[in-house]
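Thank you for passing this one along; here are my comments, written so that a newcomer can follow them with the structure open alongside. Please read the points in order.

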Amino acid sequence: MTATTQQTAVRTGALVRALIYALLLLFAVYYLLPLYVMVVNSLKPLEEIRQGNMLALPRTWTIEPWLSAWSTAQIGVQPTGLKPYFLNSIQMVVPAVFTSTLLGALNGYVLTKWRFRGADFVFTLMLLSCFIPFQIVLIPSARILGLLGLGGTVTGLVLIHAIYGLGFTTLFFRNYYEAFPSELVRAAMIDGAGFFQIFRRILLPSSGPIIVVTVIWQFTNIWNDFLFGSSFSNADSQPMTVALNNLVNSSTGVKEYNVHFAGAILAALPTLVVYIVSGRYFVRGLMAGAVKG
Amino acid sequence: MAFLEIEKLEKRFGSVSILKGIDLDIDEGGFLVLVGPSGCGKSTLLNTIAGLESVSGGEIRIAGKRVNELHPSRRDIAMVFQSYALYPNMTVAQNISFGMEIKGVPKPERDKAIAGVSETLQIGHLLDRKPSQLSGGQRQRVAMGRALVRRPQVFLFDEPLSNLDAKLRVDMRTEIKRLHQSMKRTIVYVTHDQIEAMTLATKIAVLKDGVLQQAGTPAEIYNSPTNMFVADFMGSPAMNLIPATVNVSGKSPALDIGAYGGRTMSLDLGASNGMLSKFSGRPVMFGIRPEAITDPEGADRTSKNLITAECFVEVVEPAGSDTFAVVHLGGKEAVARLRADAKVVPGTVAKLAFNLDKAVFFDPETQQRIA
């Protein structure tokens with residue numbers, strides 16, 4: 001009797017499990033299909049695409065579209081490929097992520113461990129900045145960048161992104177440090193450590209997981225930004241996203257779909273890499289905290 | 001002159017007053033324990049001594065020097081926190097030497113200090129571990145090591161044993177007492193555990209709602225509490241506080257207590273309690289420790305005023321070393337502490353000896369001690 005019940009349970013379990021896997025597989029295929037189309041078509045000569053079958057594997061494999069997208073494709077008026085703009089994006093993202101993360105951490109530290117009268121009000125204001133749509137600040141930002149002489153430069157973009165990211169990075173760090181034991185800060189004070197020493201020696205070394213979260217968030221947002229990039233840059237300082245748009249919209253001659261696909265993948269690659277590489281550390285960081293020593 | 005002096009100390013957070021004019025001092029090498037219920041201000045008082053909280057009024061002096069405005073690191077103090085507050089990213093050795101590192105003490109000197117402290121506390125084998133790899137007792141030792149290595153004038157302990165299990169707590173208590181005896185440094189220690197307070201202190205300060213209730217040696221606090229709060233708070237089981245009426249119709253004042261079955265029990269107080277005559281016919285609170293109510297065979301023979309009376313025993317709780325009997329007196333439960341093999345049966349009347357030398361009396365209105 002018991003044995004049969006158990007058998008039934010096992011059989012039902014297996015069936016349900018199979019269904020779950022089938023469903024998951026279906027969704028995975030559904031979500032991966034666009035990527036498949038992009039990868040497959042970026043490896044075909046243009047004639048094959050013109051013949052119409054977007055889903056078919058290439059008959060002649062070629063990496064020509066990738067090389068073209070990277071270094072020779074027509075972007076606007078120059079046949080430079082995406083390479084200089086990729087570098088622009090790197091030059092913009094790295095300092096912007098670094099500054100906004102560091103300042104967010106400092107803000108969080110002050111707002112939780114060196115609380116002053118009105119600290120919560122200041123935090124609410126910073127939180128509010130997360131909800132302001134980008135479009136609203138476009139014209140004031142343009143004016144300020146102009147006054148600072150930073151209009152149309154990568155430095156100007158770094159500044160805008162770093163400031164705009166502060167609301168979020170402060171929110172992340174503030175909530176993380178809120179749970180950080182204040183007794184550690186007090187112990188360090190008695191040990192004679194100053195404001196920055198406590199921050200650098202005590203808080204930062206314990207902030208791994210939240211730093212990774214913030215970096216992923218900031219990197220993805222800043223790299224993918226199009227609005228600020230297109231508004232505050234000129235031909236020399238355009239980030240990758242704007243260049244990709246120009247690549248696709250260049251109206252000279254034929255539409256090189258295979259090159260466009262390759263370019264789009266190139267533009268998405270860094271965020272993917274950041275997520276895959278640091279995502280692992282992120283999970284590891286969470287696990288390290290979860291296991292009691 | 002006392003070593004650590006606290007004078008008219010006040011602490012306010014906005015309109016809330018946490019410490020309401022504390023006057024307290026401790027001699028050099030003394031062990032001052034601050035005790036009281038949660039929220040009485042004892043931890044705030046410790047934090048003001050440490051300099052982690054500013055004061056709103058009054059003065060703190062260490063070795064005659066005013067320290068109100070001094071940064072915590074310049075007060076020559078060390079503190080052990082309730083959660084130990086070990087830096088999680090550093091090894092035990094780095095934790096212990098962090099303060100010296102900040103001060104710029106050269107490495108060979110730091111290593112020597114670490115070696116010295118780790119030998120005293122027997123944590124030498126733990127020096128390369130991270131705090132997360134230590135047990136509760138080991139963390140406690142490391143936290144003490146971090147305090148010891150500073151060689152401060154005053155040690156501050158903030159409920160250091162409250163996160164340990166019962167057995168370890170007793171061991172560490174002894175350890176702290178031993179350290180204090182060998183180092184002869186001044187210690188201020190916060191706890192809500194009155195047994196810790198009794199065993200460790202050379203001086204106990206009982207606080208309630210930011211007001212110092214009484215400060216004195218453990219014996220003073222235990223035997224002559226100044227009010228009902230101190231009487232009730234110190235000692236386990238707590239002191240019995242029994243409503244009674246003073247009766248001076250006889251040649252010496254007596255105490256009428258409502259006993260079992262509507263009867264009145266009368267205890268002759270003898271001539272020694274003259275102060276009570278003023279309360280003739282009025283209700284008082286009769287305070288007597290459980291160990292002063294015993295079986296007649298186990299009573300203190302040296303007592304000058306030992307009175308035997310019959311009480312109705314409700315519950316008997318054998319505790320191994322003693323037997324506790326719950327009796328009904330004056331409409332309240334009172335605990336008597338009998339010898340382990342005393343013959344008492346619940347639900348019967350038993351003869352109990354009251355050692356009235358140890359009795360104290362309080363005015364139920366003001367809660368203050370009368371005699």
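1. How many residues lie between β1(B) and β2(B) in the hairpin that they form? Before answering, please keep in mind that this is a predicted model. There are two residues between the strands, and Gly14(B), which sits in the turn, has a positive phi of about 60°.

2. The two arms of this hairpin are worth following residue by residue, since strand β1 of chain B covers residues 4-13 and strand β2 of chain B covers residues 16-26, and they pair in the antiparallel sense over eight bridges. As one example of residues facing each other across the pair, Arg12(B) stands opposite Ser17(B), which belongs to β2(B). As a general reminder when looking at such a pair, side chains in a regular strand alternate between the two faces of the sheet.

3. Turning to where the two chains meet, 16 residues of chain A are in contact with 28 residues of chain B. The size of an interface is often given as the accessible area lost when the parts come together. For chain A and chain B this buried area is about 1,900 Å², and 59% of it is on carbon and sulfur atoms.

4. The charged and polar pairs deserve a paragraph of their own, and the rule finds three salt bridges across the interface of chain A and chain B. One of the salt bridges in the model joins Glu101(B) to Arg201(A), with the closest N and O atoms 3.0 Å apart. Between the two chains, eight residue pairs are in polar contact, counting pairs in which both residues have pLDDT 80 or more. On the side of chain A that touches chain B, the elements giving two or more residues are α8 (182-190) and α9 (195-203), and α8(A) gives the most, with seven residues.

5. Is Thr91(B) buried or exposed? Thr91(B) is found in the loop of chain B between β6 (77-80) and α2 (92-103), and it counts as buried because its relative accessibility is 17%, where the cut-off for buried is under 20%. Leaving aside residues up to four places away in sequence, Thr91(B) touches Leu127(B), Asp128(B), Arg129(B) and Lys130(B).

6. Finally, a word on the cysteines: Cys130(A) counts as buried at 15% relative accessibility, and Cys40(B) is also buried, with a relative accessible area of 1%. The count of disulfides over all chains comes to zero.

Methods:
Residues are numbered from 1 along each chain as its sequence is written. Chains are lettered from A and ligands numbered from 1 in the order in which they are written. This is a predicted model: local features need pLDDT of at least 70, side-chain atom pairs count only at pLDDT 80 or more; totals for chains, interfaces and linings use all residues. Side-chain values use heavy atoms; hydrogens and water are left out. A disulfide is a pair of cysteine sulfur atoms within 2.5 Å. Buried means under 20% relative accessible area, exposed over 50%, partly exposed in between (1.4 Å probe, protein chains only). Two strands pair if DSSP finds at least two bridges between them. Helices (H or I, at least four residues) and strands (E, at least two) are DSSP runs, numbered from the N terminus. Contact means heavy atoms within 4.5 Å. Buried area is the accessible area (1.4 Å probe) that two parts lose on being put together, summed over both. A salt bridge is a side-chain nitrogen of Lys or Arg within 4 Å of a carboxyl oxygen of Asp or Glu. A polar contact is a pair of N or O atoms within 3.5 Å; within protein, one must be able to donate a hydrogen and the other to accept it, and residues adjacent in sequence count only if both atoms are side-chain atoms.
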